[in-house]
Amino acid sequence: VTLGATASAGTINWYDALTGGSLVGTGTPFVTPSISNTTTYYVSSTNGSCTSSSRVAVTATVYNPEINITGIGNSILNNDFLPSIADETDFRNVDVASGTNPNTFTIQNLGTLTLNITGINITGTNALDYIMTTSPSASVAVGNDTTFTITFNPSALGLRTAIITITSDDLDESSYVFYIQGTGINVKAPGGVDSDLQLWLKSTA
């Protein structure tokens, strides 16, 4: 980022703190080091043995997208490996024979520049038990959000796990990862007979 300042006389000095700190540059324009977030620098001027009594703040504003994921209004942290009912990363119990459970997640842009979503991938041990049934928008304007839906359709009994990876142009979270899980169960028909046996009895009656 290129910053400028003027003084009536002398040399312009750039610091990283209002008092003390380090001298990071002299003269104008001043090209900052590589920065990814809005950063404030402080300017003084020196003319011979005289230095201005106080430093003036000059802010280098950096515009970045900032991704955040929620489930039913609760944030899901990046690299969250503990699925929870509280944010619907735990899809609960679903009948293997005929059940499905769709959970919807929200992608928020909390930054200052449009967020571009480049992909959502489902991987992990039981990835095939999960499918994205609603896709998000490819871009999210500042302060806006978009949603996507993952549907759990267990292929076997027991705990079924997978990993969601959302890729975007967020500078420090370009791969946003969280774990999901659900449990395949065998729902009992009335009288305690499981649904598979009930269907078999009907077909052979």
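**Exercise 1. Determine the strand order of the open sheet that contains β8, and identify its edges.**

*Solution.* Step 1: the sheet has 5 strands in the order β9-β8-β11-β15-β13, with antiparallel pairing. Strands are DSSP runs of E with at least two residues, numbered from the N terminus, and two strands pair if DSSP finds at least two bridges between them. The model is predicted: local features require pLDDT of at least 70, side-chain atom pairs count only at pLDDT 80 or more, and totals for chains, interfaces and linings use all residues. Residues are numbered from 1 along each chain as its sequence is written, and side-chain values use heavy atoms, with hydrogens and water left out.

Step 2: β9 (74-76) and β13 each have a single partner strand and stand at the edges, so one side of each lacks a neighbour in the sheet.

Step 3: from one strand to the next, the twist averages 40°; axes are lines fitted to C-alpha atoms, and angles run from 0 to 180 degrees between N-to-C directions.

Step 4: inside the sheet, β8 (residues 67-71) and β11 (residues 101-109) pair in the antiparallel sense over 5 bridges. There, threonine 70 is opposite threonine 106 of β11.

**Exercise 2. Describe the sheet that contains β10 and the pairing of β10 with β17.**

*Solution.* Step 1: this open sheet also comprises 5 strands, ordered β10-β17-β16-β12-β14, and its pairing is mixed.

Step 2: β10 (90-95) and β14 (139-140) are the edge strands, each pairing on one side only.

Step 3: β10 and β17 (residues 175-185) run parallel and are joined by 4 bridges. Valine 94 has glycine 184 in β17 as its bridge partner.

**Exercise 3. Locate threonine 146 and state whether it is buried or exposed.**

*Solution.* Step 1: threonine 146 belongs to strand β15 (residues 145-152).

Step 2: its relative accessible area is 8%, so threonine 146 is buried. Buried means under 20% relative accessible area, exposed over 50%, and partly exposed in between (1.4 Å probe, protein chains only).

Step 3: leaving aside residues up to four places away in sequence, threonine 146 touches Phe105, Thr106, Ile107, Pro136, Ser137 and Val140, where contact means heavy atoms within 4.5 Å.

Step 4: glycine 124 is 22 residues from threonine 146 along the chain, and their C-alpha atoms are separated by 24 Å.

**Exercise 4. Find the salt bridge and place its two residues.**

*Solution.* Step 1: a search of the whole structure yields 1 salt bridge, defined as a side-chain nitrogen of Lys or Arg within 4 Å of a carboxyl oxygen of Asp or Glu.

Step 2: aspartate 129 and arginine 160 form the bridge, at 2.7 Å from N to O. Aspartate 129 lies in the loop between β12 (115-123) and β13 (130-134), whereas arginine 160 lies in strand β16 (residues 158-168), 31 residues apart.

Step 3: both aspartate 129 and arginine 160 are buried.

**Exercise 5. Classify the ring pair of tryptophan 14 and phenylalanine 30.**

*Solution.* Step 1: the whole structure holds 8 aromatic pairs. Rings of Phe, Tyr and Trp (its six-membered ring) pair if their centres lie within 6.5 Å; planes under 30 degrees apart count as stacked, over 60 as edge-to-face and the rest as tilted.

Step 2: the centres of the tryptophan 14 and phenylalanine 30 rings are 5.0 Å apart and the planes are at 25°, so the pair is stacked.

Step 3: tryptophan 14 is in strand β2 (residues 11-15) and phenylalanine 30 in strand β4 (residues 30-31), 16 residues apart. Tryptophan 14 is buried at 0% relative accessibility, and phenylalanine 30 is buried at 5%.
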